[in-house]
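Hi,

Here is the structure I promised to pass on. Have a look at it first, and then read my notes below.

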Amino acid sequence: MGIGDLFKSRKINNAGDSSVLDAGVPVAANTSGIQPVDGSSGIKESAGASQKKPGASYRQYFSLKKGDKNKAIEEYDFERYGTLVDVQIPDTYESVDQYWVEQGCSLIVIGHNKRTNQNEYLLFEPSLSDFEYELLERLHEDLRDVLILTAEEIKKDRKRTLLEKMHALIDDYGLTLEQFTLFKIQYFLIRNYIGWARLDPLMKDPQLEDISCDGNRVPLFLYHRRYRNIKTNIAFEPDVLNSLAITLAQRSGKHISTGSPMIDATLPDGSRLQLTFGTEVTTRGTSFTIRKFREEPFSPIELMEIGTFNADALVYFWLAIENNKSLLFIGGTASGKTTSLNAVSLFIPPVAKVVSIEDTREITLFHDNWIASVTRQALSEGGNAINMFDLLRAAMRQRPEFILVGEVRGAEAQTLFQAMNTGHTTFSTMHGGSVDAAIHRLESEPLNVPRNMMQALNIVSVQGLIYHGTERVRRAQEIVEIAGIDPSTGNLRVNNVFMYDPVHDIIGYTGRSQVYMDIAERRGWTREQMDTEISLRKSILAAMMKQGIRDYISVASLFHAYYIDAKNVLSHIEDLRKVIG
Ligand SMILES: Nc1ncnc2c1ncn2[C@@H]1O[C@H](COP(=O)(O)OP(=O)(O)OP(=O)(O)O)[C@@H](O)[C@H]1O
Ligand SMILES: [Mg+2]
């Protein structure tokens with residue numbers, strides 16, 4: 001699409017308009033430079049790359065103009081200048097909530113659409129006049145030529161480099177701009193070149209769990225921590241969407257094309273991406289789902305504050321893990337399986353060797369002796385794909401004590417159960433609504449785990465995304481133990497250890513745990529000693545919550561400290577920070 005066609009079209013309209021700003025806008029920037037998305041690599045130092053364009057003269061100009069580089073570039077400051085966004089909520093909406101994702105630049109309005117009677121997620125960014133829009137497009141065009149970075153520039157702050165080049169171009173055009181115009185242009189250039197273009201505010205919104213694009217010209221849908229599934233005022237034209245998809249794939253180091261149209265990948269910030277390119281597989285056009293990465297994983301203390309687990313259940317996991325019991329987290333999509341697995345993994349003793357195996361990297365631990373492995377697709381035809389099964393087999397030779405498997409879906413299930421049967425402790429997740437369904441799935445095609453091997457699995461925790469009143473909450477629904485095979489029927493026996501009570505919103509201990517009995521026996525503890533240990537650990541969790549020790553690093557450090565010298569930790573229970581320094 002020609003640039004010329006674009007800026008004639010219209011002013012940038014905020015709510016409800018698929019943004020013309022996205023079209024033709026390069027959104028890629030990879031780690032080695034600032035790179036437009038449309039096929040040119042943007043970083044290579046190739047000589048004749050832009051001879052046909054006037055840009056060549058800009059490049060000469062920039063190399064001559066080195067002296068100016070230190071000129072102060074003023075960056076926008078909300079406190080000082082006030083907002084750049086002019087919010088006009090259409091009459092059909094009533095504002096329910098508003099918050100800044102980037103102060104003064106991108107505002108989210110949760111608007112109640114009076115026609116449909118539903119909430120919508122409206123993104124507002126600075127509006128541009130025709131002149132500003134035209135200028136932005138021109139800068140985009142010219143920046144492609146000058147953003148061929150020198151090795152020295154690549155090392156520098158990318159934002160600075162971008163702004164320096166932009167200012168040099170504006171000088172070159174002979175323009176003196178108003179402060180606000182400059183700020184707006186800076187905002188869009190940074191968001192497009194370094195950020196994720198129109199997706200950028202969404203990627204930065206900590207309230208979002210998932211971003212999904214269902215196809216061409218279909219509004220994006222989100223999963224919002226407070227407003228749940230919600231429609232946005234953002235949609236993409238086919239060519240913009242395809243170029244965005246290519247950028248998403250490229251920035252995660254993967255290749256996507258009509259020939260190989262599906263990928264699972266990890267974005268540079270750790271978010272998980274599933275992407276399907278073109279209309280062949282997904283008929284409404286390119287689609288993607290981004291599971292946003294929470295920079296800091298939920299710690300057990302946070303899950304306790306939220307109410308997913310209570311102290312009893314956490315102490316149960318704590319003792320079970322210390323005593324090498326294998327766990328499986330099951331539940332529906334996005335019920336919090338991986339999050340729970342990650343959280344309880346912080347209970348793993350400090351120097352134990354851990355190997356994690358995932359399709360896309362999600363698990364984050366604070367643990368030194370940890371090999372984090374990820375599968376990979378074949379990079380070319382006949383190339384070597386490495387799947388979960390391969391990684392798991394390799395892991396068995398690395399003598400790990402704990403093996404964490406992101407999600408079990410295929411042939412690796414058998415190997416995983418072999419690992420359990422040969423004395424490894426494994427934590428994994430699997431899709432499944434109930435314990436029975438999960439067992440059935442494990443035993444059938446294509447997983448085919450023999451029933452007698454299943455006994456090596458100790459604990460299954462069922463996660464659920466459920467309603468509590470009108471609120472949508474994540475709760476452990478039940479925690480069960482696999483208690484062997486009933487000799488008369490040949491069925492697996494399960495023992496319910498914790499059950500969720502929806503009326504009181506608590507997860508209650510049933511008082512019967514084979515795992516606890518087994519631990520007591522192995523440690524030579526009497527029932528009273530076991531009870532004392534449980535209540536000491538509960539008091540530690542309560543003290544951590546009270547003292548605000550909840551980030552995963554502090555939490556893991558404290559569990560490590562407890563493992564090494566429990567008495568010392570207990571003697572500082574009034575001020576646990578003293579133990580973790
Ligand atoms: N207990 C919780 N409380 C609040 N938010 C949670 C909780 N557990 C998970 N989340 C959030 O829910 C989303 C989904 O979590 P997670 O990826 O753990 O689910 P999952 O069951 O593994 O999903 P999938 O089936 O897609 O693998 C994430 O954004 C996560 O931050
Ligand atoms: Mg998961």
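**What I found**

Let me start with a strand pair: Y500 has I507 in strand 18 as its bridge partner. One thing to keep in mind throughout is that this is a predicted model. The pairing belongs to strand 17 (residues 492-501) and strand 18 (residues 506-509), which run antiparallel and are joined by 4 bridges. Together strand 17 and strand 18 make a hairpin, with 4 residues between them. In that turn, D505 has a positive phi of about 50°.

Next, the ligand. The shell around ligand 1 has 17 residues, and those that come nearest are E209, G336, K337, T338 and T339. By type, the shell splits into 8 polar, 6 charged and 3 nonpolar residues. Which helix gives the most to this shell? That would be helix 12, with 3 residues. Helix 10 (300-306) also supplies at least two.

Helix 12 (residues 337-345) is also where you'll find S340. Is S340 buried or exposed? S340 has 25 other C-beta atoms within 10 Å, so it counts as buried. Leaving aside residues up to four places away in sequence, S340 touches F329, S461 and Q463. Take a look at that last one: Q463 is 123 residues from S340 in sequence, yet their C-alpha atoms are 8.3 Å apart in space.

Finally, helix 18 (residues 527-546). Its 20 residues reach 29 Å from the first C-alpha to the last, close to the 28 Å expected at 1.5 Å a residue. Four residues to click on in helix 18 are R537, I540, L541 and M544, which are buried. They sit on the same side of helix 18, because they cover an arc of only 95° around the axis. The spacing helps to make sense of this: an α-helix has 3.6 residues a turn, so residues three or four places apart point the same way.

What do the buried residues of helix 18 pack against? Their partners are helix 10, helix 11 (311-322), helix 19 (552-564) and helix 20 (566-571). So helix 10 turns up twice in these notes, because it packs against the buried residues of helix 18 and also supplies at least two residues of the shell around ligand 1. On the face of helix 18 turned away from the buried side, you'll see the exposed residues R527, E528, T532, S535 and K546. After helix 18 comes G548, with a positive phi near 70°.

Cheers

Note on methods. Residues are numbered from 1 along each chain as its sequence is written. Chains are lettered from A and ligands numbered from 1 in the order in which they are written. This is a predicted model: local features need pLDDT of at least 70, side-chain atom pairs count only at pLDDT 80 or more; totals for chains, interfaces and linings use all residues. A residue is buried if 20 or more other C-beta atoms lie within 10 Å of its own, exposed if 12 or fewer, and partly exposed in between; C-beta atoms are placed from the backbone. Two residues are in contact if their C-beta atoms, placed from the backbone, lie within 7 Å. A residue is near a molecule or strand if its C-beta atom, placed from the backbone, lies within 6 Å of it. Ala, Val, Leu, Ile, Met, Phe, Trp, Tyr, Cys and Pro count as nonpolar, Asp, Glu, Lys and Arg as charged, and the others, Gly among them, as polar. Two strands pair if DSSP finds at least two bridges between them. The expected span of a helix is 1.5 Å times one less than its number of residues. The arc is that of the directions from the helix axis to the C-beta atoms.
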